[in-house]
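Here are a few short exercises to work through with the model open beside you. Try each task before reading its solution.

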Amino acid sequence: MSEGFRLRVKYQITDRLAYLSHLETVRSMERVVRRAGLPFAITEGFNPHMKIAFGPALPVGAGSRSEYFDLRLREYVSPDLALAALQAAAPENLMPTACAYCAHGDDAIDVMYPVSVWKAELACTGIGADDVVRAFERLVDRGFIEVTKTKGHKTTVKRVEFAGRLVDGPHVTVDDDVVTVDFSTFQGNEGALRPDKFIAAACELMDGPVAVRSLTRMELREK
């Protein structure tokens with residue numbers, strides 16, 4: 001049976017919709033596709049559903065300028081018409097920005113684009129720029145963070161090494177009381193370095209109050 005046409009859609013998540021969970025984002029975008037009237041394909045079996053596949057999940061609270069999903073269509077629709085229909089059906093803060101068809105044999109999104117480029121903005125009051133830079137240097141020199149997970153009555157602590165996961169940065173710039181941190185992470189078979197946990201670990205090493213103003217995935221790219 002033909003697999004139909006695989007349309008890759010790029011979209012943004014901004015403002016309050018950054019607080020959607022990954023599952024809520026998936027369901028919201030499925031509703032957008034239905035409202036757009038695109039001829040999407042469905043799976044077979046007792047529980048048929050839309051043939052749609054998303055890229056790596058964002059942490060709750062993180063926005064993005066570069067998310068993707070692959071949508072299987074039963075019929076060819078020009079990318080321009082598909083994009084216009086999706087944009088007309090989408091909320092402002094969950095907006096498709098580009099569409100293109102995948103070639104036969106193209107990898108899935110998370111395989112093709114395993115590197116995430118991040119930008120964090122921190123509000124630091126009473127902390128010098130040198131102190132902020134030193135906190136990130138100390139964290140990188142340590143080479144890992146510890147992530148605590150609690151499920152029921154069981155609590156586990158997992159060490160997440162930076163080697164192989166932190167591929168660029170962090171690059172820290174300071175403008176008055178706003179600190180911008182740019183860095184890139186790799187997601188492979190061994191898992192990923194969560195950007196929110198990385199930033200939180202650095203903030204714990206700073207000598208003063210710090211608030212995360214925003215965390216944004218700027219780009220998904222090839223390795």
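**Exercise 1.** Find how strands β8 and β9 run and how many bridges join them.

*Solution.* Keep in mind that this is a predicted model. Start by locating β8 at residues 166-175 and β9 at residues 178-186. Next, compare their directions: the two strands are antiparallel, with seven bridges between them. For one facing pair, take T173, which sits opposite T180 of β9. Finally, look at the turn: two residues separate the strands of this hairpin, and D176 adopts a positive phi near 55°.

**Exercise 2.** List the buried residues of helix α5, then find the elements they pack against.

*Solution.* Helix α5 covers residues 195-203. Applying the cut-off of under 20% relative accessible area, you should pick out P195, F198, I199, A201, A202 and C203. Now follow their contacts, using heavy atoms within 4.5 Å. These buried residues meet the hairpin strands β8 and β9 from the previous exercise, along with β5 (115-124), α4 (129-142), β6 (144-151) and β10 (210-221).

**Exercise 3.** Describe the chain as a whole: its secondary structure, its burial and its charges.

*Solution.* Begin by counting elements: there are five helices and ten strands. Then turn to burial: of the 223 residues, 42% are buried. Among contacts with a separation of 6 or more, 73% link residues 24 or more positions apart. On the outside, about 12,700 Å² is exposed, with 48% supplied by carbon and sulfur atoms. Last, the charges: 28 side chains are positive and 31 negative, and the centres of these two sets are 7 Å apart.

Technical notes: Residues are numbered from 1 along each chain as its sequence is written. This is a predicted model: local features need pLDDT of at least 70, side-chain atom pairs count only at pLDDT 80 or more; totals for chains, interfaces and linings use all residues. Side-chain values use heavy atoms; hydrogens and water are left out. Helices (H or I, at least four residues) and strands (E, at least two) are DSSP runs, numbered from the N terminus. Buried means under 20% relative accessible area, exposed over 50%, partly exposed in between (1.4 Å probe, protein chains only). Accessible areas come from the Shrake-Rupley method with a 1.4 Å probe; for residues, only the protein chains shown count as cover. Lys and Arg count as positive and Asp and Glu as negative; His and the chain ends are not counted. The place of a charge is taken as NZ of Lys, CZ of Arg, CG of Asp or CD of Glu. Two strands pair if DSSP finds at least two bridges between them.
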